[in-house]
Amino acid sequence: KKQVELGFNAVTDGEFSRRYWHLDFFWGLNGFEKDDAWKYERDFKGGINPAANVHLAGKVSFNPDHPFFAAFKYLKSIVPAGVLPKQTIPSPALLFRDHRSDNWSKYYASFDDYLADVVQAYVATIEHFYTLGVRYLQIDDTNWAYLIQNLKDTENDPKRHQHFVDFAKLAHQVIKAVLVRLPEDLTVTSHICRGNFQSTFLFSGGYQYVADEIGDLPYDGLFLEYDSQRAGSFEPSPQLWQGDTNKRIVLGLITSKFPELEDEEKVIERIHAATAYVPLSNLALSTQCGFASTEEGNKLTEDDQWAKLALVQRIAHRVWEDA
């Protein structure tokens, strides 16, 4: 109700039924099991570390009783007419890191067989969402930020660098295999940030390291983190956009990590700077991420959150209504 009052035509349920933005989805697929005590290899800034994961425990398949379906049906039941309920899920590429698929050979004769089941499970899940009324799906994909960081860090180590180049190709392959099988009237976007857990971050680096792979994916829009210097410049934008007049590049210039409100004029200046690379008609504005990637939340209040979203609305009206 508050999102609608602020003027948003597409709204989410805030993912309140989830513990994590990504793991809950994987826990709900057939073939995966929850790990409740996990030590990750890379800590968030400040040593903060989430302590759960998921691992492969059998053949992967669609779960018709996935809890996300009930969550969406409830959201759809309370959204006013003319407002679009938006569904978010994590990228399948996240299954191929953090030891989530290390034991694939225990259940599959080949890695390609495993990939085929992952793709099929995703397609079937999204098709069921579509049957339930989803027409706007967002695939959250911090995996690209992971690859950016590692591709940057290994530039002087050809062997290790090639490992991450190959991973980027794998991520592209799997995501594209899902996207090309989805209904044409389903709007599918992707969100890329560099970590958001409790107002911290994991990765740094510009989009140029993976721009060609991302740009080739048939998304209708890309939500891109741009609230700090960690994200680099707008220069890779043409590669991400690919001159697609139907694709929107959404500039995440408003931080969701901290309560301080950005200067409207400076944000507008940055939007206009981005038009050197992508036309204004193909740009949009958002926060760089959500306000809570896990149940712990970020370091700002609910009122701070609404103030940030009101700021996004004010700036967007000024920029695009004046154009």
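Trainee: Which residues are exposed on the other side of α9?
Mentor: Good place to start, and keep in mind that this is a predicted model. Exposed here means over 50% relative accessible area. On the side of α9 away from its buried residues, those that count as exposed are K266 and E269.

Trainee: And within what arc do the buried residues of α9 fall?
Mentor: Helix α9 covers residues 264-274, and V267, I268, I271 and A274 are buried in it. Looking down the helix axis, these buried residues line one face of α9, because they fall within an arc of 115°.

Trainee: What covers the buried residues of α9?
Mentor: The residues to be covered are V267, I268, I271 and A274. Their cover includes two strands, β9 (248-254) and β10 (283-287), and also a helix, α10 (302-321).

Trainee: Which residue has a side-chain oxygen reaching to the backbone nitrogen of E265 at the start of α9?
Mentor: Happy to look at that end with you: α9 runs over residues 264-274. The oxygen comes to within 2.8 Å of that nitrogen, and it belongs to the side chain of D263.

Trainee: Let's move to N53 in strand β3. Is N53 buried or exposed?
Mentor: The cut-off for buried is under 20% relative accessible area. N53 has a value of 0%, so N53 is buried.

Trainee: Which side chain makes a polar contact with the side chain of N53?
Mentor: N53 has a backbone partner too: the backbone oxygen of D98 lies 3.0 Å from a polar atom of the N53 side chain. The side-chain partner, at 2.7 Å, is R100.

Key:
Residues are numbered from 1 along each chain as its sequence is written. This is a predicted model: local features need pLDDT of at least 70, side-chain atom pairs count only at pLDDT 80 or more; totals for chains, interfaces and linings use all residues. Side-chain values use heavy atoms; hydrogens and water are left out. Buried means under 20% relative accessible area, exposed over 50%, partly exposed in between (1.4 Å probe, protein chains only). Helices (H or I, at least four residues) and strands (E, at least two) are DSSP runs, numbered from the N terminus. The arc is that of the directions from the helix axis to the C-beta atoms. Contact means heavy atoms within 4.5 Å. A polar contact is a pair of N or O atoms within 3.5 Å; within protein, one must be able to donate a hydrogen and the other to accept it, and residues adjacent in sequence count only if both atoms are side-chain atoms.
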